[in-house]
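Thanks for coming. I will show one chain and then talk through its pockets, its helices and a few backbone details.

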Amino acid sequence: MVLTLAILFTSCKNQAKPGKIGGPVAVTPFTVQSGNVIYYDTYPGTAVAPDEVQLRSEVSGFVTGIYFKEGSRVTKGTKLYEIDRRKYQAAYEQAKASVAIVKANLFKAQRDADRYKKLDEQNAIAKQILDDALTALENAKLQVKSSTANLLNAETDFNYSLITAPFTGSIGFSMVKPGAFVTAGQTLLNTISSDNPIAVDFIIDEKSLPYLLTIQSAKKTVNDSIFKVTLPDNSDYKYNGELSIIDRAVDPQTGTIKIRTVFPNPDQALRPGMNCKISVLNANSGMQVNIPARAIVEQMGEYFVYLIDNNVVKQKRIELGPNHGELVVVKSGLNPGETIVLEGLQKVHEGSAVIASADIKKENAYQGKGTD
């Protein structure tokens with residue numbers, strides 16, 4: 001009776017450890033490979049115009065002309081608004097005439113002073129006459145300066161009565177109509193903003209700043225595909241962007257900093273104020289070790305794989321990167337060419353003897369898609 005129980009106990013013990021005594025466990029292995037992993041970090045972004053200005057008149061008067069189509073694109077120097085120019089033109093012409101008069105007076109004063117100087121050298125006139133002539137000459141010079149300044153002011157006002165586009169961009173709805181009275185420096189006429197290229201602003205955590213500074217110092221261009229935009233309808237914007245400005249300081253309350261990127265915008269698909277998503281190429285993109293997620297075991301917040309070495313399993317701790325599809329980037333702990341257990345994880349433990357299942361060739365051709 002005792003012998004029978006001992007035999008049964010030994011039999012059960014052997015069955016409890018199939019990896020060592022009961023023979024090798026059949027598993028599906030996977031050969032670790034490295035591949036070019038490209039992934040992006042996504043942030044909320046806002047499209048903004050690099051240049052934007054509110055148009056206000058520098059002179060007062062009635063609007064006598066509007067020369068653009070609302071919502072259209074205008075080029076630098078395009079005539080936009082005209083403020084009644086008649087009185088400004090009259091003042092300009094009057095100022096020009098005044099300058100001509102005082103210049104003629106100056107010529108006469110200069111001629112008289114020169115003549116009296118010669119007579120004074122001959123003691124032919126009283127000193128008082130020469131002094132009066134020289135005083136008249138100085139007064140004439142000052143009158144020329146004053147009239148020239150008045151002419152400049154009149155010319156400036158006359159030019160300001162015609163408002164032109166300060167740069168090439170898109171113009172919005174007009175805030176005034178023909179015949180409306182505008183007050184100098186107060187009445188808003190319109191807003192014009194540059195649109196190509198256009199900027200996209202977003203906020204990053206201060207921990208990400210060193211990576212952005214590296215991009216800035218490297219002078220990356222749109223061809224590097226570092227910055228991409230997703231439009232509000234979730235479609236991909238077809239042009240890549242480049243880094244333009246990193247704000248001067250980190251917000252001490254939030255620990256964040258504003259970043260500005262610029263994108264080509266020939267089709268006007270991005271408009272100022274538009275909310276979009278901007279994707280920034282992750283710093284860890286490139287050649288990385290990546291394995292199927294189902295080959296990973298989590299224990300107490302740490303991650304492990306079962307490494308196969310000479311048909312014996314060893315548990316190996318790994319550090320994970322981001323997921324991409326069914327794969328996970330392994331930042332450390334594995335090297336290309338090593339073999340791990342892909343299928344049969346529940347049957348193995350540290351020190352288990354294993355043998356490759358019949359589908360080993362299929363799994364080695366896995367290339368990141370796996371089998372069920």
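Before the pockets, one convention: Ala, Val, Leu, Ile, Met, Phe, Trp, Tyr, Cys and Pro count as nonpolar, Asp, Glu, Lys and Arg as charged, and the others, Gly among them, as polar. Please also keep in mind that this is a predicted model.

With that convention, the lining of the largest pocket divides into two nonpolar, eight polar and four charged residues. The volume of this largest pocket is about 200 Å³. It has 14 lining residues, and the closest to the centre are Ser170, Ile171, Ser193, Arg271 and Pro272. Strand S9, residues 169-171, and strand S11, residues 188-193, each supply at least two residues of that lining.

Now the second largest pocket, which holds about 160 Å³ of space. Which residues line the second largest pocket? They are Gln54, Leu55, Arg56, Glu58, Asn159, Tyr160, Leu162, Ile163 and Thr164. By element, two or more of these residues come from each of strand S4 (52-56), helix H3 (127-160) and strand S8 (162-164). In terms of residue class, this second lining has four nonpolar, three polar and two charged residues.

Next, the chain as a whole. There are five helices and 23 strands. The chain has 372 residues, and 36% of them are buried. The exposed area comes to about 21800 Å², with carbon and sulfur atoms supplying 53% of it. For the contacts, take those between residues at least 6 apart in sequence: 75% of them join residues at least 24 apart.

On to the helices. Helix H2 covers residues 86-121, which is 36 residues. From its first C-alpha to its last, H2 reaches 53 Å, close to the 52 Å expected at 1.5 Å a residue. Which residues of H2 are buried? The list is Tyr88, Tyr92, Ala95, Val99, Val102, Ala109, Asp112, Ala113 and Asp120. Helix H3 is included in what covers them. After H2 comes asparagine 123, with a positive phi near 55 degrees.

A residue on the H3 side is valine 144, which sits in that helix. Valine 144 counts as buried because its relative accessibility is 12%, and the cut-off for buried is under 20%. Leaving out residues up to four places away in sequence, valine 144 touches Val102, Lys103 and Leu106. Val102 is also one of the buried residues of H2. Valine 144 lies 43 residues from isoleucine 101 in sequence, and the C-alpha to C-alpha distance between them is 8.8 Å.

Last, some backbone points. Where is the cis peptide bond that has omega of about 5 degrees? It joins asparagine 196 and proline 197. Proline 197 is in the loop between S11 and strand S12 (198-205), and S11 is one of the strands that supply the lining of the largest pocket.

Two residues that are not glycines have positive phi. Glutamine 268 has a phi of about 60 degrees and lies in the loop between strand S15 (256-263) and strand S16 (275-281). Asparagine 310 has a phi of about 55 degrees and lies in the loop between strand S19 (302-309) and strand S20 (312-324). Are these residues buried or exposed? Glutamine 268 is buried, at a relative accessible area of 16%, whereas asparagine 310 is exposed, at 70%.

Key:
Residues numbered from 1 in each chain as written. Predicted model: local features only at pLDDT ≥ 70, side-chain atom pairs only at ≥ 80, totals over all residues. Heavy atoms only, no water. 1 Å grid on protein atoms, 1.4 Å probe; cavity = no way out; pocket = protein on both sides within 12 Å on 5 of 7 lines; lining within 4 Å. Points joined across faces, edges and corners; volume = space filled by probe spheres on them. Helix = DSSP H or I, 4+ residues; strand = E, 2+ residues; numbered from the N terminus. Buried < 20%, exposed > 50% of the residue type's maximum accessible area, 1.4 Å probe, protein only. Contact = heavy atoms within 4.5 Å. Areas by Shrake-Rupley, 256 points an atom, 1.4 Å probe, with all protein chains shown as cover. Expected span 1.5 Å × (residues − 1).
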